[in-house]
Amino acid sequence: MAAEVSFQAAAPGQPLASNSTATWVAALQDCLLPLRDAERAVPMQAYMKHHFSFLGIPTPARRAACLPVLRTLHAAEAAQLLVLAQSLWALPEREYQYVAIDVLAKYEKKLSLTALPNLLALVQEKSWWDSVDGLAGVVGDVVRRSPAAGQAVMDEALHHSNLWVRRVAMLHQLGWRAQVDAQRLFAYALQLAPEQDFFIRKAIGWALRDYARHNPQAVRDFLAEQGKQLSPLSVREAAKHL
């Protein structure tokens, strides 16, 4: 097994002055707090197994309310965006983590491989499938722009002690279609196949199913040759649309 990588957040270069970060955070809070709906928050919290508190704001309303502030971030540097995301992550209501992911996804082209430690550190904080899968999309976008070096980081992430980091490694090629490194995809699936965790097994099937939309025969062949090594859940998910 490869040596474990800690993925502690790297110092973000020249960080945004705290008062500027606070201004952006306050502006986003001003957008969301008037939309707070305690009644709607109850089922949202239940859906997330009561791991988090919620303001009770649906995704479309949240994104529409925050968009004017997000547009003001167009001149922000990567380090500033990461500091803002970390500040939003520290707030108790789950919608603020979703806003942080929206910020990072909107400006993912500003992020280089040096942002991966920060992103993978966020993966390990307040972890559940909703935030982890959103960050997996951002990580995948960053890796795709520098595939050789980025995939090396994912190879290390696959062996991390934190299951959510391993899930990100499994999912980071979602949506890549012709750019998917199929050999790496299948190798990752086999590496994680012995794991008992539901979220890992689900991720294996999801990643294979996504690639099957582009290359169904490759996934059929993989399942025919190696399917017995995968859990039934992974196989069902992978073959869902074959």
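A salt bridge here is a side-chain nitrogen of Lys or Arg within 4 Å of a carboxyl oxygen of Asp or Glu. Keep that cut-off at hand while touring this predicted model.

**Stop 1: Asp 141 and Arg 144.** Select both side chains. They form a salt bridge, with the closest N and O atoms 3.8 Å apart. That counts because the cut-off is 4 Å. Both residues lie in helix H7, three residues apart, which is about one turn of the helix. Asp 141 is partly exposed, at 24% relative accessibility. Arg 144 is partly exposed too, at 28%.

**Stop 2: Asp 130 and Arg 94.** Stay on helix H7, residues 129-145, and select Asp 130. Then add Arg 94, in helix H5 (residues 94-106). Their side chains meet in a salt bridge, 2.7 Å from N to O. Because Asp 130 sits in H7 and Arg 94 in H5, the pair ties together parts that are 36 residues apart in sequence. Are these two residues buried or exposed? Both Asp 130 and Arg 94 are buried.

**Stop 3: Asp 102.** Move along helix H5 to Asp 102. Its relative accessibility is 14%, so Asp 102 counts as buried. Leaving aside residues up to four places away in sequence, what does Asp 102 touch? Show Arg 62, Arg 63 and Leu 70: Asp 102 is in contact with these three.

**Stop 4: Arg 40 and Asp 37.** Now select Arg 40 and Asp 37. The two form a salt bridge, and their closest N and O atoms are 3.8 Å apart. Arg 40 is partly exposed, with a relative accessible area of 41%. Asp 37 is partly exposed as well, at 27%.

**Stop 5: a charged network.** Select Lys 202, Arg 209, Glu 237 and Lys 240. Salt bridges link these residues in a network. Across the structure there are 16 salt bridges.

**Stop 6: the nonpolar core.** In soluble globular proteins, nonpolar side chains tend to be buried together. The largest nonpolar core here has 80 residues. Which members touch the most others? Select Leu 88, Leu 104, Leu 119, Met 170 and Leu 208. Next, colour helix H11, residues 198-212. H11 supplies the largest share of this core, eight residues.

**Stop 7: Leu 208.** Finish by centring on Leu 208, one of those core members that touch the most others. Display Leu 185, Phe 186, Val 219, Phe 222, Leu 230 and Ala 238 around Leu 208. Leu 208 touches each of them, with residues up to four places away in sequence not counted.

Key. Residues are numbered from 1 along each chain as its sequence is written. This is a predicted model: local features need pLDDT of at least 70, side-chain atom pairs count only at pLDDT 80 or more; totals for chains, interfaces and linings use all residues. Side-chain values use heavy atoms; hydrogens and water are left out. A nonpolar core is a set of buried Ala, Val, Leu, Ile, Met, Phe, Trp, Tyr and Cys residues joined through side-chain atoms within 4.5 Å. Buried means under 20% relative accessible area, exposed over 50%, partly exposed in between (1.4 Å probe, protein chains only). Helices (H or I, at least four residues) and strands (E, at least two) are DSSP runs, numbered from the N terminus. Contact means heavy atoms within 4.5 Å.
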